[in-house]
Amino acid sequence: MARVELHDIVKAYGNQRVVDGIDLVIEEGRFVVLLGPSGCGKTTTLRMIAGLEQVTAGEMYFDGRLMNHEPPERRGVGMVFQNYALYPHMTVADNLSFGLESQRGRGSRRKARAQVRARVLEIARLLEIDHVLDHRPKELSGGQRQRAALGRALVRDPDVFLLDEPLSNLDANLREKMRMELSRLHDELPVTTVYVTHDQGEALTLADQLVVMHEGKICQAGQPGDVYAKPGTAFVAGFLGSPGMNLWELRGPLWGEAAAAGGVHLSGEAWGDHVGGGASVVVGIRPEHLKLLPEGGPWPARVECRVDVVENLGSHVLVHAKLHGAGQRSLVAKLETSAGLRRGDRVAFSAHAEHVHLFDARTGARITERVARDRTSVDV
Amino acid sequence: MTTIEQAPPIGRSLPPSGAPRVAGVARPALRRAKDHLVAYGLLFPAMAVFTVFFFIPAAYLVYISFFHWGVLSSATQFVGLENFRRLFAQPLFFRSIATSGYYTLVMIPATVLLSLGVALVLREAVTARRGGVWRAAVFLPHVTPVVATSIIWVWIFNPQFGLANFVLKSVGLPALGWLSTTQWALPAVMIDSLWHSLGLYVIIFLAGLANVPRELVEVARLDGAKRGRIFRRVIWPLLSPTTFFVVILATVNSWQAFSQIYAMTGGPHGGAGGPAFSTTTDALLVYQTAFTFDHFSLASTMALVLFAIILLLTLVQKWISNKVVFYR
Ligand SMILES: Nc1ncnc2c1ncn2[C@@H]1O[C@H](COP(=O)(O)OP(=O)(O)OP(=O)(O)O)[C@@H](O)[C@H]1O
Ligand SMILES: [Mg+2]
């Protein structure tokens, strides 16, 4: 096991910086998930940790040892590729033992071979592929291939375990099952793990530490629950959650206790007085935090709109609506029942003050709630 | 009143796999005939060319192997196996088979090793800026006329003024008799042939290497394997269909090698195949029997045997390949 540190890591192809200054410390035995949209540099970051790509700038340490120029074979990493990359001409057993035999030192051959066999069997049992050890990869099911790839990476007891979208080739049911198995596996073999995905379900359930990336940079890193509850930027807010957070820009200058723009009304409680200067802000409310309310009444945040589409998804209902006022702004609300809503209905949604997120419209950074909280406590 | 329709039993509700069947509508026979017509129509030009230039001459060759036949003599006479008897009574025939065998046996491994080596080096160079130039340079000899470049090689192998001996002498090795000695004449031809055909095989190997997934090599590196082990255990097995193809091609080309031998060992001045028949391969002997000694039926018989040998070699290789070649 190793503690992995990335200090201001940059990867540039030509003058395009695809990874642009990443700082990340991964404690020993942690399960870190890199999450981000396609092309944000997740795979590139993982490949740099593996040593398959040279870093352009910055420093990388494993347990305090500088790794920048260490070749992949000497880093002690195990990696699972998206397409598994099993050796097609070898049986599962040979796939697993290849790495062990590659690094075998001198000593009694027969004893070494017996040890290799025992280790392969141990891992195969753990992953429940011991009955297909003498099959070739093409004779395996998708899930078995996936396990074989995991096994090959784990059999050598890697210090760092890297997975690049390992579940994306599986069907939905199997993906959920393997997700749980990965979780179990990490409990049994607590190896420092970096897991790349663009599936937020996987990210939120698997991660000890969630790292959201965008355009080669880290937007936010933290515990998944915290990142979800308090997104650090408007991008993270919109990216996390299904569907993501509703985001509306309110153009400045906005003054006073209450603010209203294009169908979005915020009372002083939700608003706080921290944007008294009149800068534009982005208001964000998660779909599940929007509640249908009758008109009038007390409202910390209120959004007026016209229903566009009502999607019934069984466990919940998604209401897509167009906001009043100029512009093509829209809203998604996640309700428990459709409450008889139909296309064209004029409705108002409301949300609690603590569910209203504010972001700087120019930088996208979160505007702290301190001021708003203080104010609320004073009011009450 | 509504009737409740019974659901079809599970497993019957789907049409059998394959094309969906439309009940009661047979595929019109007319349309099928039209399809066939189109197919044969498209095949016709290729088939015609093959028939005129390959099948008919091949069949004719078999036919005249059993006759006494000359280009100018109209009298053809059935002689049964007489041509075969005469052929097998000729020591030179067996010697030519041995010469061809020697030539082929050296050429196959030399071709594979050299072209694979060059391909591996070139693949590294592909990422470099001049990769394309190098590939073109290696391929260039293959598009030059064999006869023309063979004459250059005759110069290179000139015992007194040639480049080959100059190089040998400058590194302190003794000069060789090259084309004028029985021992070195065939190796000289081999060098010319290797040079000439290398580009083709390099391109084939480059294509094969490009088909080896990059991740497999990367994963092997992560597995801690060194270059040699990665090559032996990952690249070489995955490359085996390509290697097999190259072996077959090299076998056929070597056993049929003619132009370079003819041009280097005698050319139009006669005496090709020398010195002392040391470069008289099967193919050369067929040519000389037919065109120098005007014995066409004997030459046909010889070509037939040559064909049988190549076929046999290919079958043996195919049989071996089933055990060692990995097809994905
Ligand atoms: N060898 C390369 N040369 C040039 N650009 C590259 C190279 N490899 C990756 N890139 C670029 O780097 C960016 C990040 O790629 P990367 O594969 O890391 O994305 P990703 O986050 O893994 O995306 P995905 O979720 O689609 O796998 C992309 O814009 C890609 O085009
Ligand atoms: Mg990727």
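In this predicted model, the shell around ligand 1 splits into three nonpolar, six polar and two charged residues. Tyr13(A), Val18(A) and Cys40(A) are among the residues found there, and so are Glu165(A) and His198(A). A run of chain A from Ser38(A) through Gly39(A), Cys40(A), Gly41(A), Lys42(A) and Thr43(A) to Thr44(A) also belongs to the set around the ligand. As for secondary structure, helix α1 of chain A, spanning residues 42-50, is the top contributor to this shell, putting in three residues.

Several polar pairs can be picked out here. Two of them involve threonine side chains: a polar side-chain atom of Thr43(A) sits 2.5 Å from an oxygen atom of ligand 1, and an N or O atom in the side chain of Thr44(A) is likewise 2.5 Å from an oxygen atom of the ligand. With Cys40(A) it is the backbone that takes part, one of its polar atoms lying 3.2 Å from an oxygen of ligand 1. Taken on its own, ligand 1 has 640 Å² of accessible area, and the protein covers 60% of that.

Turning to the layout of chain A, the domain assignment gives domain 1 as residues 4-235 and domain 2 as residues 243-378. Seven residues of domain 1 and ten residues of domain 2 make up the contact between them. About 690 Å² is buried between these two domains of chain A, with carbon and sulfur atoms giving 53% of it. On the domain 1 side, the biggest losses of area to domain 2 fall to Tyr228(A), Pro231(A) and Ala234(A), which together account for 65% of what that side buries.

Two bits of backbone geometry in chain A deserve a mention. Most residues other than glycine have a negative phi, and most peptide bonds are trans. The bond from Ser242(A) to Pro243(A), however, is cis, with omega near -10°. Pro243(A) itself sits in the loop that links α8 (234-239) to β11 (246-250), and domain 2 of chain A is assigned from residue 243 onward, to 378. The other case is Tyr84(A), a non-glycine residue whose phi is positive, near 75°. Tyr84(A) is also a loop residue, placed between β6 (77-80) and α2 (92-102) of chain A.

Chain B is assigned two domains as well, domain 1 at 23-64 and domain 2 at 90-324. Their centres, taken over C-alpha atoms, are 36 Å apart. Between the chains, 19 residues of chain B touch 24 residues of chain A. The area buried between chain B and chain A comes to about 2000 Å², and carbon and sulfur atoms provide 59% of it. From the chain B side, Arg221(B), Leu222(B) and Asp223(B) stand out: they supply 34% of the area that chain B buries against chain A, more than any other three residues.

How values were computed
Residues are numbered from 1 along each chain as its sequence is written. Chains are lettered from A and ligands numbered from 1 in the order in which they are written. This is a predicted model: local features need pLDDT of at least 70, side-chain atom pairs count only at pLDDT 80 or more; totals for chains, interfaces and linings use all residues. Side-chain values use heavy atoms; hydrogens and water are left out. A residue is near a molecule or strand if one of its heavy atoms lies within 4 Å of it. A polar contact is a pair of N or O atoms within 3.5 Å; within protein, one must be able to donate a hydrogen and the other to accept it, and residues adjacent in sequence count only if both atoms are side-chain atoms. Accessible areas come from the Shrake-Rupley method with a 1.4 Å probe; for residues, only the protein chains shown count as cover. Helices (H or I, at least four residues) and strands (E, at least two) are DSSP runs, numbered from the N terminus. Ala, Val, Leu, Ile, Met, Phe, Trp, Tyr, Cys and Pro count as nonpolar, Asp, Glu, Lys and Arg as charged, and the others, Gly among them, as polar. Domain bounds come from an automatic or database domain assignment. Contact means heavy atoms within 4.5 Å. Buried area is the accessible area (1.4 Å probe) that two parts lose on being put together, summed over both.
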